[in-house]
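Here are my notes on the structure, set out as numbered points so that each can be checked against the coordinates.

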Amino acid sequence: MDRPDTAKIIGTAFECGIVVPGFNIPYLPMMEPVVRALRDCNSFGLIMVASLEFMKFEAKSLKAIRDEYEKVKDERHTRLHLDHVPVVDEDGRRSDFEKIIGEALELGYESVMIDGSRLSLNENIDSTAQAVGLAAGKVPVEAELGAVLGHEAGPLPPYEELFASRKGFTSPEDTFRFVRESSCSWLSVAVGNIHGAISAAGRQKEKPHARIDLTHLKLLRDAAHIPLVLHGGTGIPKEYVKKAVSTGIAKMNVATAIRQPYERNLSKGVKAAQNAVYETVTGLLKSEFSIENSCDILTK
Ligand SMILES: [Zn+2]
């Protein structure tokens, strides 16, 4: 069997209007049930870790995630992705993004994300181009433009206000320039989607039911001409997901939807928490994303 790389898989998903979900793993035991659910549904997905997950949660380290991945991976159904490496993090600190991305590449991560979305357009282009240089054409680099809110320490303004004002939405003009000058492979956009809260106080709160501005998304797709990524996939109604996927979204990140059932069931033991993750992922694959048997097209 040919082993298509992640660039090829996401490219096919983009062309065929299929979504590849990326599952964040803030606790190592969450990984096995995610892989099992993908296999049982004959679906394809990415196993991901973001740097804040080994700093603020219990994913431990890039290496710990990679080692766990080597134990449970199934190459027909999964690839390993490094999610959010912010140039400036949610607490306003500069991170050593080159070191983190360099380490991930050495460990065998098959795609990486650089997040310069808190920077000015020019600085975001420069940092992203640097990350693309590090990846040297070997693995795809995802970048972010616009403000996908939710990781901030303070409370968010009311969701409807954000949506109506398009505050923080990715600009089509900036997108056109950004993609060409940074040479990123995929672009995470802000079109009404929001991240789940990660502050200790907000972690178990229900996420607002986000919507997607499909008219705006279409403008971004036409400006970018590369696969688009939707972060904050939890809580977006199914009909929006479907339309977003046919409007350029090839990858959708899922974090809160699987983290909350894991944390909620932990008091009953790790096994019960893992079962909750398995059930949730199976439900997402079959229902929200409708991607049972996506492997027949993506990694056939
Ligand atoms: Zn994100």
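1. In this predicted model, eight strands form a closed barrel, which runs in the order 1-2-3-4-5-6-7-8 and has parallel pairing. If direction is ignored, neighbouring strands of this sheet are turned against each other by 30 degrees on average.

2. One of the pairings can be followed in detail: strand 7, residues 228-230, and strand 8, residues 249-254, pair in the parallel sense over three bridges. Within this pairing, Leu228 has Ile249 of strand 8 as its bridge partner.

3. Which residues of helix 10 are buried? In this helix, which spans residues 238-245, they are Tyr240, Val241, Ala244 and Val245. Because these residues cover an arc of only 130 degrees around the axis, they are placed on the same side of helix 10. The face turned away from that buried side carries Lys238 and Glu239, which are exposed.

4. As for what lies over the buried residues of helix 10, the cover includes helix 9 (214-224) and helix 12, together with strand 7 and strand 8. The two strands named here are thus also the ones that pair in the parallel sense over three bridges.

5. Helix 12, residues 270-288, also packs with helix 2, residues 31-40, at an angle of about 35 degrees and with the axes 8 Å apart; the crossing of these two helices is right-handed. On the side of helix 2 the contact is made by Glu32, Pro33, Val34, Arg36, Ala37 and Asp40, and on the side of helix 12 by Gln274, Val277, Tyr278, Val281, Thr282 and Leu285. Sorted by character, the residues of this contact comprise seven nonpolar, two polar and three charged.

6. Ser294 deserves a separate look, and its place is in the loop between helix 12 and helix 13 (295-298). Is this residue buried or exposed? Ser294 counts as buried because it has 26 C-beta neighbours inside 10 Å, where 20 or more are required.

7. Where does the chain come back to Ser294 from far away in sequence? Val19 is 275 residues apart from Ser294 in sequence, whereas the C-alpha to C-alpha separation in space is 8.7 Å. When neighbours within four places in sequence are left aside, Ser294 is in contact with Ile18, Ser43 and Phe44.

How values were computed. Residues numbered from 1 in each chain as written. Predicted model: local features only at pLDDT ≥ 70, side-chain atom pairs only at ≥ 80, totals over all residues. Axes fitted to C-alpha atoms, helices over the stretch in contact; angles between N-to-C directions. Helix = DSSP H or I, 4+ residues; strand = E, 2+ residues; numbered from the N terminus. Left-handed = near helix turned anticlockwise from the far one by under 90°. Contact = placed C-beta atoms within 7 Å. Nonpolar A, V, L, I, M, F, W, Y, C, P; charged D, E, K, R; others polar. Pairing = 2+ DSSP bridges. Buried ≥ 20, exposed ≤ 12 C-beta atoms within 10 Å, placed from the backbone. Arc of directions from axis to C-beta.
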